[in-house]
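Trainee: Could you take me through one part of this model up close? I'd like to hear how the helices pack there and what sits between them.

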Amino acid sequence: MLLLDETLQFRSDALDALREPLEGGSVTIARVEGALTMPARFTLLAAFNPCPCGWRDTRTRPCTCEDSAARRYASRLSGPLRDRIDLWVTMAQPEPLDSGEPDGVEASAAVAARIATAWRRQLRRQRGANGDLPPASLGAGQGIGADAASVITQRGRSFGLSPRRMHRTARVARTIADLAGADAVSREHVDEALSYRGAVPA
C-alpha cells in the first residue's frame with residue numbers, strides 16, 4: 001500500500017510516474033546500459049486538500065483562495081492519472097463527537113464480514129479479484145449483461161469518459177454488486193460506481 005499525504009504537493013512528473021505501475025503492476029527503469037522491469041503492484045491512497053489554504057467548504061475558517069487558484073491546485077493531478085484512480089471520496093468536515101456511538105455507523109466487524117463474503121464470491125466466479133479483470137473479461141460471465149453494458153456505454157458518452165475509465169467503472173460496479181450480494185450488475189450499481197469517478201474540477 002502506498003499512502004501519499006498532501007498529494008498535490010508532489011511534483012507533477014513524480015505523480016505521473018505512478019501511471020505505469022497503477023496500470024500494469026510493474027515499473028521500468030531505463031538507463032544507458034539498458035532497461036529493467038520490476039514488479040510494482042500496490043494500492044494507492046492519495047489524500048489532499050481541496051485548495052491551497054485547505055479551508056474550502058469548511059465551517060471553521062473562510063477559504064482565502066480564488067476559484068482559479070483552487071482549480072489550478074486540483075489540476076496538478078493529470079487526466080491520465082485521474083483515470084487510473086478508481087474511487088474518489090470527498091470528506092466533509094467532521095462534526096464534534098459525543099460520547100456515544102454515532103447513529104448509522106456500521107460496526108467494523110460487520111464491514112469485514114461483508115468484504116470477506118464479497119471476496120469469496122469473486123474467487124468462486126473468476127478465481128481472482130475484480131480489480132485484476134482485463135476489459136475483455138468483463139461480460140455476462142461476471143454478471144455484466146447487455147443492459148448493464150449499455151448503461152456504462154451511455155453514461156460514458158454523456159460524461160465524456162475515456163475507455164479506461166469505463167473499464168474501471170465496470171470493475172467498481174461489479175464489486176459494489178458483490179458487496180450487495182447480487183449476481184448481476186444493475187443500473188444502480190453502475191450509477192454508484194460513477195459517483196466515485198472523480199470529475200475534473202470545473
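Mentor: Sure, here is a walk around helix 8 and the core it belongs to. Keep in mind that this is a predicted model.

Let's start with the partner just before it in the numbering. Helix 7 covers residues 163-179 and helix 8 covers residues 187-194; their axes come within 8 Å and cross at roughly 120°. That angle falls outside the 65 to 115 range for roughly perpendicular and isn't over 145 either, so helix 7 and helix 8 count as oblique to each other. The crossing of helix 7 past helix 8 is right-handed. On the helix 7 side you'll find Thr169, Val172, Ala173, Ile176 and Ala177, and they meet His189, Val190, Glu192, Ala193 and Leu194 on helix 8. Sorted by class, that contact has seven nonpolar residues, two polar ones and one charged one.

Now for the other neighbour. Helix 6 packs on helix 8 at an angle of about 30°, and the axes are 9 Å apart. This crossing is right-handed too. Helix 6 brings Ala148, Val151, Ile152, Arg155 and Phe159, while helix 8 brings Arg187, Val190, Asp191 and Leu194. Here the split is six nonpolar, no polar and three charged residues. Note Val190 and Leu194: both are listed in the contact with helix 7, and both turn up again in the contact with helix 6.

So what do these helices wrap up? The largest nonpolar core has 17 residues, and those touching the most other members are Leu138, Ile144, Ala170, Ala173, Val185, Val190 and Ala193. Helix 6 (146-159), helix 7 and helix 8 supply at least two core residues each, with helix 7 giving the most, five. As a general matter, nonpolar side chains in soluble globular proteins tend to be buried together.

Zoom in on isoleucine 144 and you can see one of those well-connected members at work. Leaving out residues up to four places away in sequence, Ile144 touches Leu138, Gly139, Ala149, Ala170 and Val185. Of these, Leu138, Ala170 and Val185 are also on the list of residues that touch the most other core members.

There is a separate core as well, with 11 residues, including Leu4, Leu18, Leu44 and Tyr73.

For contrast, have a look at proline 94, in the loop between helix 4 (79-83) and helix 5 (108-126). Its relative accessibility is 68%, over the 50% cut-off, so proline 94 counts as exposed.

How values were computed
Residues numbered from 1 in each chain as written. Predicted model: local features only at pLDDT ≥ 70, side-chain atom pairs only at ≥ 80, totals over all residues. Heavy atoms only, no water. Axes fitted to C-alpha atoms, helices over the stretch in contact; angles between N-to-C directions. Helix = DSSP H or I, 4+ residues; strand = E, 2+ residues; numbered from the N terminus. Parallel < 35°, antiparallel > 145°, perpendicular 65-115°, else oblique. Left-handed = near helix turned anticlockwise from the far one by under 90°. Contact = heavy atoms within 4.5 Å. Nonpolar A, V, L, I, M, F, W, Y, C, P; charged D, E, K, R; others polar. Buried < 20%, exposed > 50% of the residue type's maximum accessible area, 1.4 Å probe, protein only. Core = buried A, V, L, I, M, F, W, Y, C linked by side-chain atoms within 4.5 Å.
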